Amino acid sequence: MTHSHNLLGEPPATLLPGDPEAEAALAAGTDPAEVAAGHPRASAAWAALAEAALGGGRTIEAYAYARTGYHRGLDALRKNGWKGYGPVPWSHEPNRGFLRCVTVLARAAEAIGEADEQERCTQLLRDCDPTLVP
């Protein structure tokens with residue numbers, strides 16, 4: 001009987017450095033649009049915009065905000081050594097903006113009937129941190 005598994009193991013978790021100014025502004029209640037304009041690389045600002053839009057029934061707007069934050073997050077992950085796979089744990093606070101964007105993108109994609117995108121996002125969440133998706 002042969003068992004197939006990766007002998008090299010899983011790559012180390014990618015831990016984003018965060019954006020203390022943007023995070024402080026969001027925590028202080030600054031309008032996320034203002035934070036995103038001043039810190040366009042901060043996925044947390046895009047996530048806040050996407051979540052508010054989705055919660056307000058503005059699905060296409062949520063999709064657009066989430067996609068922007070998702071791409072900004074991918075750029076940051078790659079800059080920090082992520083090769084397109086491996087853990088991006090929710091437990092590391094600066095990773096949450098990206099993961100929130102992926103979550104909203106999945107929900108908005110599902111709402112507009114874009115099943116392929118919803119499935120890709122759900123799989124990405126599972127790959128990044130299996131605790132995020134049941």
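**Reading burial, contacts and overall form in a helical model**

User: N95 lies in the loop between helix 4 (59-79) and helix 5 (96-111). Is N95 buried or exposed?

Analyst: The model under discussion is predicted. To read burial, one compares the relative accessible area with a cut-off: a residue is buried under 20% and exposed over 50%, with partly exposed in between. N95 has 0% relative accessibility, and therefore it counts as buried.

User: Which backbone oxygen does the side chain of N95 reach?

Analyst: A polar contact is a pair of N or O atoms within 3.5 Å. In this structure, the side chain of N95 reaches the backbone oxygen of T14 at 3.0 Å.

User: Which residues does N95 touch, not counting residues up to four places away in sequence?

Analyst: Contact means heavy atoms within 4.5 Å. With those sequence neighbours left out, N95 touches T14, L15 and L16, and also V88 and P89. T14 thus appears twice in the account of N95: as the residue whose backbone oxygen the side chain reaches, and among the residues that N95 touches.

User: Where does S43 lie, and is S43 buried or exposed?

Analyst: S43 lies in helix 3, which covers residues 43-55. The relative accessible area of S43 is 9%, so this residue is buried. Its side chain reaches the backbone oxygen of G69 at 2.8 Å. Beyond four places in sequence, S43 touches G69, R72 and G73, as well as G97, F98 and C101.

User: Which residue offers a case of exposure, and what is its relative accessibility?

Analyst: A27 is such a case: at 70% relative accessibility, it counts as exposed. A27 lies in helix 1 (residues 20-27). Its C-alpha atom is 13 Å from that of A42, and the two residues are 15 residues apart in sequence.

User: How should one read the loop between helix 1 and helix 2, where T30 has its place?

Analyst: One may take its residues in turn. D31 lies in that loop, before helix 2 (32-38). D31 has a relative accessible area of 44%, so it is partly exposed. T30 is also in the loop between helix 1 and helix 2, and with a relative accessible area of 24% it is partly exposed. Leaving aside neighbours within four places in sequence, T30 is in contact with A25 and V35.

User: How far apart in space are D31 and Y70, and how far apart are T30 and F98?

Analyst: Sequence separation and C-alpha distance are read side by side. D31 and Y70 are 39 residues apart in sequence and 20 Å apart in space. T30 and F98 are 68 residues apart in sequence, with their C-alpha atoms 19 Å apart.

User: In which helix is R126 found, and which residues does it touch?

Analyst: R126 is found in helix 6 (residues 115-128). At 35% relative accessibility, it counts as partly exposed. Not counting residues up to four places away in sequence, R126 touches V133 and P134. R126 and Y85 are 41 residues apart in sequence, and their C-alpha atoms are 11 Å apart.

User: What pattern does the protein follow along the sequence, and how many helices and strands does it have?

Analyst: The protein has 6 helices and 0 strands. Read along the sequence, the pattern is α-α-α-α-α-α.

User: How does the radius of gyration of the protein relate to that of a compact globule?

Analyst: The value is set against what the number of residues would give. With 134 residues, a compact globule would have a radius of gyration near 14 Å; the protein has 16 Å, which agrees. The C-alpha atoms fill a box of roughly 60 × 35 × 20 Å along the principal axes.

User: What do the totals state about burial, contacts, surface and charge?

Analyst: Of the 134 residues, 37% count as buried. Among contacts with a separation of 6 or more, residues 24 or more positions apart account for 60%. The protein exposes about 7,800 Å², of which carbon and sulfur atoms supply 53%. As for charge, there are 12 positive and 17 negative charges, and their mean positions are 4 Å apart.

Methods. Residues are numbered from 1 along each chain as its sequence is written. This is a predicted model: local features need pLDDT of at least 70, side-chain atom pairs count only at pLDDT 80 or more; totals for chains, interfaces and linings use all residues. Side-chain values use heavy atoms; hydrogens and water are left out. Helices (H or I, at least four residues) and strands (E, at least two) are DSSP runs, numbered from the N terminus. The radius of gyration is taken over C-alpha atoms; the globule rule is 2.2 Å times the number of residues to the power 0.38. Buried means under 20% relative accessible area, exposed over 50%, partly exposed in between (1.4 Å probe, protein chains only). Accessible areas come from the Shrake-Rupley method with a 1.4 Å probe; for residues, only the protein chains shown count as cover. Lys and Arg count as positive and Asp and Glu as negative; His and the chain ends are not counted. The place of a charge is taken as NZ of Lys, CZ of Arg, CG of Asp or CD of Glu. A polar contact is a pair of N or O atoms within 3.5 Å; within protein, one must be able to donate a hydrogen and the other to accept it, and residues adjacent in sequence count only if both atoms are side-chain atoms.
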